[in-house]
Amino acid sequence: MRKYSIHSWFGFELPMAERARLVKEAGFTGMMLWWSDEHQFPGDKKEDHPDSIRKLGLEIENVHLPFSCSNGIWMDNQEGEETMEIYLKCILECKHFGFPVAVMHPNRSIDPPPINELGIARFKRLADAAVKNGTVIALENVCKLHYTEKILDKLNVPGLGFCYDSGHDLLYSTKPYELPRKYATRLKALHLHDNMLEKDEHRIPIEGMINLHALVDSIVDSGYTGPLSLEVACPKPDDTPESYVGRAYAIATVLEKLRNYEY
């Protein structure tokens, strides 16, 4: 039976316990978590979120590590060392809380530091730490796709996989929908969302310009059998949290029907 997951942030300011309840009632089987002290609901602590989610019978599919510091991976200075400390601590927390996958951005902004051997070696160190602590780092395709491709092509090692982001792919790739096939054996997570080809909006798939058939075909061709996971956070003005999460779940099930050509 296919599992369905949604990111914990879906566009409404709510405590995590309330988010988890809405997600469960909509029909989802799991959630993806933002793993940082930034952008938390007042009074919420990220360390309390796993229990809030799991006590409802939901799985935690993966956690998204902080990306505001990700350029530091490539820096040969104090900031670079501090960035590594942040990510190594996150990996230890993945072991403590039982998170199977940790999603990372390999860089941020349109002008990151250049790719260099120090950064590649640091990703190798993070991958080794991930293996030691029973998790996998999944690098996401972002606006500078060649960073993700360079790291994965240089480091075909345990502990380092790929997270496919359909919204970023639609915006930034010259050949959308090919990445799941290219990194099929390393595909560890999905971030499915849509946009109007202008900015990263995180719309529900079908509410933008994405080609649902091409998207589903690429996932099927990759052999990926994990959850269909939505990273959506673009409600309409008249949406309630219940209506938005419900509509997201309905589209997730449509994607599964397309996979089996049940339409």
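Where does leucine 197 lie, between which strand and which helix? In this predicted model, leucine 197 sits in the loop that links strand S7 (187-191) to helix H8 (212-222). The close-ups below start from that loop and then turn to other parts of the structure.

**View A. Leucine 197 in its loop, with a positive phi.** Here is a residue other than glycine whose phi is positive: for leucine 197 the angle is near 70°. Leucine 197 has a relative accessible area of 46%, so it counts as partly exposed, the class that runs between the 20% and 50% cut-offs.

**View B. A nonpolar patch on the surface.** Leucine 197 appears again here, this time with two methionines: Met196, Leu197 and Met209 form a nonpolar surface patch. Together, these three residues have about 260 Å² of accessible area.

**View C. Serine 109, another positive phi.** This view moves to the loop between strand S4 (101-104) and helix H4 (117-132), where serine 109 has its place. The phi of serine 109 is near 80°, again a positive value in a residue other than glycine. With a relative accessible area of 34%, serine 109 is partly exposed.

**View D. Helices H8 and H9 packed together.** Two packed helices are described by the angle between their axes and the distance between the axes. For H8 and helix H9 (residues 241-259), the angle is about 65° and the axes are 9 Å apart. The two helices, H8 and H9, are therefore roughly perpendicular to each other. Look also at the handedness: H8 passes H9 in a right-handed crossing.

Notes. Residues numbered from 1 in each chain as written. Predicted model: local features only at pLDDT ≥ 70, side-chain atom pairs only at ≥ 80, totals over all residues. Heavy atoms only, no water. Helix = DSSP H or I, 4+ residues; strand = E, 2+ residues; numbered from the N terminus. Buried < 20%, exposed > 50% of the residue type's maximum accessible area, 1.4 Å probe, protein only. Patch = residues over 30% accessible without salt bridge, like charges linked within 9 Å, V, L, I, M, F, W, Y side chains within 5 Å. Areas by Shrake-Rupley, 256 points an atom, 1.4 Å probe, with all protein chains shown as cover. Salt bridge = Lys/Arg side-chain N within 4 Å of Asp/Glu carboxyl O. Axes fitted to C-alpha atoms, helices over the stretch in contact; angles between N-to-C directions. Parallel < 35°, antiparallel > 145°, perpendicular 65-115°, else oblique. Left-handed = near helix turned anticlockwise from the far one by under 90°.
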